[in-house]
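Here is a short report on one protein chain. Keep the sequence and the 3D view side by side as you read.

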Amino acid sequence: MPVTLVYITVKPDRIDDFIAASKANHDASIIEAGNHRFDFLQNQSDPCRFVFYEWFASDADVDLHKQTEQYKAWSQTVEAMMAEPRRSERHNGLFPELNS
């Protein structure tokens with residue numbers, strides 16, 4: 001199962017705006033059919049750094065997520081808030097195992 005970690009650094013004066021925009025994306029993403037987890041994390045030592053932990057059932061579900069209105073709106077809204085381009089890493093989810 002594909003897991004993506006998305007690393008984002010936000011401009012210091014845009015942290016609250018970024019959190020608000022990301023919460024809206026999170027709230028809509030967690031109810032998508034193929035979504036298992038969609039965690040939104042803020043670094044304790046540097047509050048400008050964030051991580052999304054996105055676990056979907058399949059690559060097709062990841063692709064569907066990127067076609068949703070909430071993802072498109074989030075992506076356009078937060079682009080100017082970022083201090084640098086976001087970076088993502090794909091992983092294979094091993095545990096916990098989910099029953100199909």
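The report below goes from strands and core to rings, charges and the end of the chain.

## A predicted model

This structure is a predicted model. Every value below was computed from it.

## A hairpin of two strands

Start with strand 2, residues 35-42, and strand 3, residues 49-56. They pair in the antiparallel sense. The pairing runs over 7 bridges. One of the bridge partners is easy to find: Gln 42 is matched with Phe 50 in strand 3.

The two strands form a hairpin. Between them lie 6 residues. In a regular strand, side chains alternate between the two faces of the sheet.

## The nonpolar core

Now look inside. The largest nonpolar core has 17 residues. Six of them have the most contacts inside it: Ile 8, Val 10, Phe 18, Phe 52, Trp 74 and Val 78. Several elements feed this core. Strand 1 (2-9), helix 1, strand 3 and helix 3 each supply at least two of its residues.

Take Val 78 as an example. Leave aside its neighbours within four places in sequence. Val 78 is then in contact with Phe 18 and Ala 21.

## Aromatic rings

How many aromatic pairs does the model hold? The count comes to 8. In one of them, Phe 38 faces no long search for a partner: the ring centres of Phe 38 and Phe 52 are 5.6 Å apart. Their planes meet at 55°, so this pair is tilted. Phe 38 belongs to strand 2 and Phe 52 to strand 3, 14 residues apart, and the pair links distant parts of the chain. Are these two residues buried or exposed? Phe 38 is buried because its relative accessibility is 1%. Phe 52 is buried too, with a relative accessible area of 1%.

Phe 52 also pairs with Trp 74. Their ring centres are 5.5 Å apart. The planes stand at 80°, so the pair is edge-to-face. This pair, too, links distant parts of the chain: Phe 52 in strand 3 and Trp 74 in helix 3 (residues 69-78), 22 residues apart. Like Phe 52, Trp 74 is buried. Both residues belong to one aromatic cluster, made of Phe 18, Phe 38, Phe 40, Phe 50, Phe 52, Tyr 71 and Trp 74.

## Salt bridges

Side chains of opposite charge can pair when their charged atoms come close. Here the count comes to 5 salt bridges. One of them joins Asp 27 and Lys 23, at 2.7 Å from N to O. Why do these two sit about one helical turn apart? They are separated that way because they are 4 residues apart in helix 1 (residues 15-29). Asp 27 is partly exposed, with a relative accessible area of 34%. Lys 23 is partly exposed as well, at 48%.

Another salt bridge joins Asp 39 and Arg 37, at 2.9 Å from N to O. Asp 39 counts as partly exposed at 23% relative accessibility. Arg 37 counts as partly exposed at 40%. Next comes the bridge between Asp 59 and Arg 90, where the closest N and O atoms are 2.5 Å apart. Asp 59 lies in helix 2 (residues 59-65) and Arg 90 in strand 4, so the pair ties together parts that are 31 residues apart in sequence. Asp 59 is partly exposed, at 46% relative accessibility. Arg 90 is also partly exposed, with a relative accessible area of 46%.

## A charge over a ring

Charges can meet rings too, as one residue pair shows. Arg 87 lies over the face of Tyr 7. The distance to the ring centre is 4.3 Å.

## Strand 4 and beyond

Strand 4 covers residues 87-92, and Asn 92 is found in it. Is Asn 92 buried or exposed? Asn 92 is exposed, with a relative accessible area of 64%. Compare its position with that of Ile 15. The two are 77 residues apart in sequence. In space, their C-alpha atoms are 30 Å apart.

After strand 4 comes a segment that holds Pro 96. A cis peptide bond joins Phe 95 and Pro 96. Its omega is about 5°.

Definitions and conventions
Residues numbered from 1 in each chain as written. Predicted model: local features only at pLDDT ≥ 70, side-chain atom pairs only at ≥ 80, totals over all residues. Heavy atoms only, no water. Buried < 20%, exposed > 50% of the residue type's maximum accessible area, 1.4 Å probe, protein only. Pairing = 2+ DSSP bridges. Salt bridge = Lys/Arg side-chain N within 4 Å of Asp/Glu carboxyl O. Phe/Tyr/Trp six-rings, centres within 6.5 Å; stacked < 30°, edge-to-face > 60°. Lys NZ or Arg CZ within 6 Å of the ring centre and 35° of its normal. Core = buried A, V, L, I, M, F, W, Y, C linked by side-chain atoms within 4.5 Å. Contact = heavy atoms within 4.5 Å.
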